[in-house]
Amino acid sequence: MYINKVATKDNNLTWHSCVITKKERAHMKKQNPCIIWLTGLSGSGKSAIANEVENLLSLKGYHTHLLDGDNIRHGLNNDLSFSDEDRSENIRRIGEVSKLFVDAGLIVLASFISPFRKERQAVRDLVGSKEFLEVHINTPICVCEQRDPKGLYKKARKGEIKFFTGIDSPYEDPINPEITIDSSKCTIKQSAEIIFQHLIDNGTLKSHRSKERELLG
Ligand SMILES: Nc1ncnc2c1ncn2[C@@H]1O[C@H](COP(=O)(O)OP(=O)(O)OP(=O)(O)O)[C@@H](O)[C@H]1O
Ligand SMILES: [Mg+2]
């Protein structure tokens with residue numbers, strides 16, 4: 001179990017301000033940094049859609065980064081379990097990492113089940129509502145279970161995985177997400193385009209940006 005050592009004034013910590021500001025870093029990238037936070041059940045399509053959005057952004061020359069649930073648990077968060085407490089810590093750390101990338105001027109795609117409202121709200125509060133776009137991938141659980149891309153629902157139904165979101169652990173629907181997508185009703189590409197269009201409409205992206213990604217290698 002993770003033991004939280006709260007940093008207090010007693011730890012003799014002092015914040016050191018950077019000479020180059022977040023605004024200047026974003027200006028260098030010629031983009032408005034933000035977090036696009038995809039939340040939803042396992043198999044709802046978060047990773048598939050996040051990758052397609054990143055592809056669209058990259059084609060237009062935007063500098064992005066994608067943070068994805070399983071990948072983060074392979075490294076930074078490999079000490080955390082799936083207990084409620086550790087799930088909270090998982091999201092808290094991801095929020096902090098996302099904020100660092102936003103400070104660096106990047107557009108961050110974060111694809112995490114993130115089942116609890118409180119934790120998602122904490123990330124929103126951390127970066128500020130203007131730079132946080134909550135995307136609820138609201139795909140019916142029967143469709144997610146039918147897809148079962150990792151075979152996890154099958155294991156959860158057999159009792160081989162405990163505390164599986166949607167089966168024996170809760171998923172708290174977002175109350176007021178910026179975007180809701182039911183991926184059983186549209187293709188991956190259509191979902192990505194809905195998010196991309198929202199970013200143009202809210203001013204995060206410039207509609208006229210035409211730079212194409214340079215092909216590497
Ligand atoms: N319309 C669609 N939208 C999204 N995914 C779809 C769609 N149709 C089929 N799929 C497939 O469903 C699967 C969704 O799995 P994906 O890994 O994206 O889910 P996830 O929400 O990231 O799950 P997890 O939380 O377990 O990582 C993929 O294999 C994807 O190709
Ligand atoms: Mg995923």
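This report walks through ligand 1 and the two largest pockets of a predicted model.

## Where the ligand sits

Let's begin with the ligand and its surroundings. Ligand 1 sits in the largest pocket. Around ligand 1 there are 16 residues, and the closest of them are S42, K46, S47, K150 and C186. If you want to find your way in the structure, helix α2 (residues 46–59) is a good place to look: with three residues, α2 gives the largest share of the shell around ligand 1.

What is the make-up of this shell by class? Seven of its residues are polar, six are nonpolar and three are charged.

## Backbone contacts to the ligand

Some backbone atoms come within a few ångströms of ligand oxygens, at 2.9 Å for G43, 3.0 Å for G45 and 2.9 Å for A48. For G43, the atom in question is a backbone N or O. For G45 and for A48, the partner of the ligand oxygen is likewise a polar backbone atom. The protein covers 75% of the 640 Å² of accessible area that ligand 1 has on its own.

## The largest pocket

Now for the pocket that holds ligand 1. Its volume is about 740 Å³, and 35 residues line it. Nearest the centre of this pocket lie S42, K46, D70, I113 and K150. The elements that give two or more residues to the lining are α2, α3 (69–74), α4 (84–103) and α8 (188–201).

Which element provides the largest share of the lining of the largest pocket? That is α2, with four residues. Helix α2 also gives the largest share of the shell around ligand 1. As for chemical character, the lining divides into 14 nonpolar, 13 polar and eight charged residues.

Some names turn up twice here. S42, K46 and K150 are among the residues closest to ligand 1, and S42, K46 and K150 are also among those nearest the centre of the largest pocket.

## The second largest pocket

The second largest pocket has a volume of about 310 Å³. Its lining is made of 13 residues, and W15, C18, K99, L100 and D103 lie nearest its centre. Helices α1 (22–29) and α4 each supply at least two residues of this lining, and the largest share, four residues, comes from α4. Helix α4 also gives two or more residues to the lining of the largest pocket.

How do the lining residues of the second largest pocket divide by class? There are five nonpolar, three polar and five charged residues.

Key:
Residues numbered from 1 in each chain as written. Chains lettered and ligands numbered in written order. Predicted model: local features only at pLDDT ≥ 70, side-chain atom pairs only at ≥ 80, totals over all residues. Heavy atoms only, no water. Near = heavy atom within 4 Å. Polar contact = N/O pair within 3.5 Å; in protein donor to acceptor, adjacent residues only side chain to side chain. Areas by Shrake-Rupley, 256 points an atom, 1.4 Å probe, with all protein chains shown as cover. 1 Å grid on protein atoms, 1.4 Å probe; cavity = no way out; pocket = protein on both sides within 12 Å on 5 of 7 lines; lining within 4 Å. Sits in = over half its atoms within 2 Å of the grid points. Nonpolar A, V, L, I, M, F, W, Y, C, P; charged D, E, K, R; others polar. Points joined across faces, edges and corners; volume = space filled by probe spheres on them.
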